[in-house]
Amino acid sequence: MRKHLFKASILLLAGSMSLSSCVVSKKKYDDLMARKNSLEVDKAGLQQEKSTLEQQKADLEAAKANLEEERAKLEQQKREYEESLAKALKEGKTLGESLNMSKSQIDRLNADLKAREARLAELQRILDEKDAAVTNLRNRVSKALLGFNDKDLTIDVRNGKVYVSLAEQLLFNSGSTKVDPKGVDALRKLASVLKEQQDVNVLVEGHTDDVPIARGTVGMQDNWDLSVLRATEITRILANAGVDPTRVTPSGRSKYVPLDEAKTKEARQKNRRTEIILTPKLDELFKILETT
């Protein structure tokens with residue numbers, strides 16, 4: 001009995017001790033669990049903070065990459081600007097040199113233009129004087145030959161020259177080279193004008209029709225001879241009347257410059273003529289042309 005009581009007391013003590021031990025362990029456990037929960041909360045916070053920091057890091061790296069890209073672009077733009085500036089400066093220098101050169105060329109061209117304008121003005125002055133001289137000469141010749149029939153003698157201006165056309169019937173008999181007295185009178189009146197016009201050259205042109213001269217005509221083979229001999233005879237009369245022979249040139253055109261190419265009697269009569277062509281000397285004009 002006592003043995004059972006002892007044994008029960010032992011069990012009771014062990015149970016009491018066990019219960020005491022269980023009570024202490026639970027408290028520690030709760031503390032540990034509380035700490036664990038706190039640590040887990042802290043861990044979750046740290047992980048959240050880590051995630052946030054990693055996101056910020058990624059954002060910063062992306063921003064850095066953007067900045068690097070922008071920097072590269074800016075550096076490229078800077079290089080391009082520097083190259084463009086250098087090119088512009090070079091071109092500006094070249095342009096400046098060209099402008100200076102162009103200015104010199106323009107100055108030379110302006111000077112040359114002014115010189116040309118002066119020569120042209122002088123040329124125009126001489127041409128105007130020549131035209132006035134031709135008009136005056138025509139008027140004087142017309143006045144000197146006023147009494148002659150228009151069918152026998154005409155005066156007109158062509159190409160800046162005065163043409164005095166004398167019909168054959170005023171000057172010559174058919175096939176003859178001797179000038180009739182009425183023709184001599186006309187030529188002497190013309191010579192009186194030409195003596196006073198020292199600046200006029202005189203060309204005497206003999207013209208025939210297309211009818212061959214009679215065979216056996218002394219001193220002549222064809223219409224060439226007839227036209228030349230008539231021009232020479234008229235030149236001789238003008239020279240004898242006082243016109244400087246050095247200013248007079250006789251020439252023969254035969255049948256080759258007709259006024260009318262018809263084969264009629266009237267056309268052939270019109271073609272048989274002598275033209276005295278009066279040309280003002282243009283020495284001053286030629287001098288200007290030679291320097292232009």
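## A walk from Lys270 through pocket, core and salt bridges

Leaving aside neighbours within four places in sequence, Lys270 is in contact with Leu259 and Asp260, where contact means heavy atoms within 4.5 Å. Before going further, a word on ground rules: this is a predicted model, with local features needing pLDDT of at least 70 and side-chain atom pairs counted only at pLDDT 80 or more, while totals for chains, interfaces and linings use all residues. Residues are numbered from 1 along each chain as its sequence is written, and side-chain values use heavy atoms, with hydrogens and water left out.

Back to Lys270, which is found in helix H5. Helices here are DSSP runs of H or I with at least four residues, strands are runs of E with at least two, and both are numbered from the N terminus. At 45% relative accessibility, Lys270 counts as partly exposed; on this scale buried means under 20% relative accessible area, exposed means over 50%, and partly exposed is in between, using a 1.4 Å probe and protein chains only. Lys270 also sits 8.3 Å from Asp209, C-alpha to C-alpha, with the two positions 61 residues apart in sequence numbering.

Lys270 leads us to the largest pocket, which holds about 320 Å³ of space. Of the 19 residues lining that pocket, the closest to its centre are Lys151, Thr154, Ser165, Leu259 and Lys270. Strand S1 (153-158), strand S2 (161-167), helix H5 (265-271) and strand S5 (273-280) are the elements that give two or more residues to this lining. By class, the pocket lining has ten charged, five nonpolar and four polar residues. Those classes put Ala, Val, Leu, Ile, Met, Phe, Trp, Tyr, Cys and Pro under nonpolar, Asp, Glu, Lys and Arg under charged, and the others, Gly among them, under polar.

How are such spaces found? Rolling a probe the size of a water molecule over the atoms shows where empty space is left. On a 1 Å grid over the protein atoms alone, a cavity is a set of points where a 1.4 Å probe fits but cannot get out, whereas a pocket is an open set with protein on both sides within 12 Å along at least five of seven lines; lining residues have an atom within 4 Å of a point. Grid points are joined across faces, edges and corners, and a volume is the space filled by probe spheres set on the points.

A search of the whole structure turns up one cavity of 30 Å³ or more. Its lining is made of Ala133, Leu137, Gln197, Asp199, Val200 and Pro280, which divide into four nonpolar, one polar and one charged.

Now for the core. In soluble globular proteins, nonpolar side chains tend to be buried together. The largest nonpolar core in this model has 32 residues, and those with the most contacts inside it are Val141, Val164, Leu187, Ile234, Ile276 and Leu278. Such a core is a set of buried Ala, Val, Leu, Ile, Met, Phe, Trp, Tyr and Cys residues joined through side-chain atoms within 4.5 Å. Among the elements supplying at least two residues each are helix H1 (2-144), helix H3 (181-196), strand S3 (200-207) and helix H4 (223-240). H3 gives the most, with seven residues. Leu278 shows how the parts come together: leaving out residues up to four places away in sequence, Leu278 touches ten residues' worth of company that includes Leu137, Val141, Val164, Leu190 and Val202.

The structure holds 19 salt bridges, each a side-chain nitrogen of Lys or Arg within 4 Å of a carboxyl oxygen of Asp or Glu. One of them joins the side chains of Arg272 and Glu168 (2.7 Å, N to O). Arg272 lies in the loop between H5 and S5 and Glu168 in helix H2, so the pair ties together parts that are 104 residues apart in sequence. Arg272 is partly exposed at 21%, while Glu168 is buried at 10%. Both belong to a network of salt bridges that links Glu168, Asp209, Arg230 and Arg272.

Another bridge pairs Arg253 with Glu205 (3.0 Å, N to O). This pair links distant parts of the chain, with Arg253 in strand S4 (residues 248-254) and Glu205 in strand S3, 48 residues apart.

Strand S4 also contains Ser254, which has a positive phi of about 55° although it is not a glycine. Ser254 is buried, with a relative accessible area of 3%.
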